[in-house]
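Biologist: Before I use the labels on this model, I would like to hear what stands behind them. Please take them one at a time.

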Amino acid sequence: MNKITENSKNAENRLNTSPFGGLERLLRKNIQSLEPYSCARDEFKGEASVYLDANESPYNAPYNRYPDPLQWKLKEKISEIKQIPARNIFLGNGSDEAIDLVYRAFCEPRTDNVVAIEPTYGMYKVCANINDVEYRKVLLNDDFQADAKLVIEAADDNTKVIWICSPNNPTGNLIDKETILEILNSFHGIVVLDEAYIDFAAQQSFTSQINDYPNLIILQTFSKAWGSAAIRLGMAFASQEIISVLNKIKYPYNINLLTQGKALEMLEDEQLVKERVKITLRERANLMDELGKLKMVKHIYPTDANFVLVKVDDANAAYRYLVQKGIIVRNRNTVSLCLGCLRITIGTKEENETLLRELQIFSQ
């Protein structure tokens, strides 16, 4: 039995004995009873010489054929790299698809609620509003850390999901590992840990913990370190039971052939990605050092991501000036705890130097 298979077996055993108690009490009733759409490629596995099952055109191969609805070839490659069984992987049209599916699977509109740290990634709230689910915010402290007790106290019997982004966006910092573990051990609903920026952090991913926590869903993406935001590919890692639910309610062919092919191409050159991450981290350190020399900069917050949150004299004026110069950063001045802040993505050496040059002029 290989390591991946052994870990999966242990996870199934823990699911049966965990106080979490499985998904039935959390799933929406209509999702429990849902008969998913069965597409042609679900009914046949393997290779054939003649395909006459899906009303496709026989011309313009390979684009005339529907793609693999469960993306097994791509999942098997991701499985090798992440050391997670392919059956514990869900692939979505960006992480946003997985976020929306969590609401549709677990949250009854106008009845259930979710809890999230604040400030954080805005799509958790947008999807809550789309799905008519109450969204409860728990403010981070001045160090942008979460208080596990406050997060848990914000939940009640109708709280189905807790959202945690780590490294967090827009603050950039990792949420304390012990805080996340306390929430996982205390809350018996779904905990979603969004690790979109984990490749830039010194701390290891929580993916090694999915066998221990059957209520944990981890989100990652090809949009950041993998440099592939345009192909729109997000990953979710969780128990086989949760992944089965997400597959049950997703659209049949949610990941197109071009995206699957480009992702496989990227995965063949993992070393290149690691080298680019090293360059980004080096540029991050250089940019933070140089920003600290500007009179307009009041504070630079610690970051574990490929961006930095910077408090400046007049964020609105600085943002408008940079736009006029063709340089786009993110103005976070109206976001909770981020008054007077700009969020700056780490670019190439040349892009960072252009930004610094214009900020030096603006500071004078």
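The exchange below takes up the labels in turn.

Modeller: One point first: this is a predicted model.

Biologist: Why is isoleucine 255 called buried?

Modeller: Buried means under 20% relative accessible area. Isoleucine 255 has a relative accessible area of 1%, so the residue is buried. Its place is in the loop between helix 9 (240-249) and helix 10.

Biologist: What does isoleucine 255 touch, leaving out residues up to four places away in sequence?

Modeller: Contact means heavy atoms within 4.5 Å. On that rule isoleucine 255 touches Pro67, Gln71, Leu91, Gly92, Asn93, Leu233 and Gln260. Glutamine 71 is 184 residues away along the chain, and the two C-alpha atoms are separated by 7.6 Å.

Biologist: Why is asparagine 64 called buried?

Modeller: Asparagine 64 has a relative accessible area of 13%, and the cut-off is under 20%, so the label buried applies. This residue sits in the loop between helix 3 (40-43) and helix 4.

Biologist: What makes the approach of asparagine 64 to tyrosine 59 a polar contact?

Modeller: The rule asks for a pair of N or O atoms within 3.5 Å. The side chain of asparagine 64 reaches the backbone oxygen of tyrosine 59 at 3.5 Å, so the pair is counted. Tyr59 is also among the residues in contact with asparagine 64 beyond four places in sequence, together with Glu56, Ser57 and Pro58.

Biologist: Which residues of helix 10 are buried, and how do you know that they line one face?

Modeller: In helix 10 (residues 257-267) the buried residues are Thr259, Gln260, Ala263, Met266 and Leu267. Seen down the helix axis, they fall within an arc of 125°, so they line one face of the helix. They pack against helix 4 (72-82) and helix 11 (270-291).

Biologist: What is found at the start of helix 10?

Modeller: There, a side-chain oxygen of asparagine 256 comes within 2.9 Å of the backbone nitrogen of leucine 258. The limit for a polar contact is 3.5 Å, so this pair falls inside the limit.

Biologist: How many cavities of 30 Å³ or more are there, and what makes a space a cavity?

Modeller: The count is two. A cavity is a set of points where a 1.4 Å probe fits but cannot get out. The largest has a volume of about 40 Å³. Its lining is Leu291, Met296, Val297, Val310, Val312, Leu342, Ile344 and Leu359, and strand 9 (307-312) and strand 11 (341-345) each give two or more of these residues. By class, this lining has eight nonpolar, no polar and no charged residues.

Biologist: What lines the second largest cavity?

Modeller: The lining consists of Ser166, Ile180, Leu193, Glu195, Ile198, Gln203, Gln204 and Phe206. These divide into four nonpolar, three polar and one charged. The volume is about 30 Å³.

Biologist: What volume does the largest pocket have, and which element gives the largest share of its lining?

Modeller: The volume is about 900 Å³. Of the 45 lining residues, Asn169, Tyr197, Lys224, Asn306 and Arg343 are the closest to the centre. Helix 11 gives the largest share, six residues. The lining has 20 nonpolar, 13 polar and twelve charged residues.

Biologist: Which element gives the most to the lining of the second largest pocket?

Modeller: Helix 11 gives the most there, with six residues. The second largest pocket has a volume of about 740 Å³.

Definitions and conventions:
Residues numbered from 1 in each chain as written. Predicted model: local features only at pLDDT ≥ 70, side-chain atom pairs only at ≥ 80, totals over all residues. Heavy atoms only, no water. Buried < 20%, exposed > 50% of the residue type's maximum accessible area, 1.4 Å probe, protein only. Helix = DSSP H or I, 4+ residues; strand = E, 2+ residues; numbered from the N terminus. Arc of directions from axis to C-beta. Polar contact = N/O pair within 3.5 Å; in protein donor to acceptor, adjacent residues only side chain to side chain. 1 Å grid on protein atoms, 1.4 Å probe; cavity = no way out; pocket = protein on both sides within 12 Å on 5 of 7 lines; lining within 4 Å. Points joined across faces, edges and corners; volume = space filled by probe spheres on them. Nonpolar A, V, L, I, M, F, W, Y, C, P; charged D, E, K, R; others polar.
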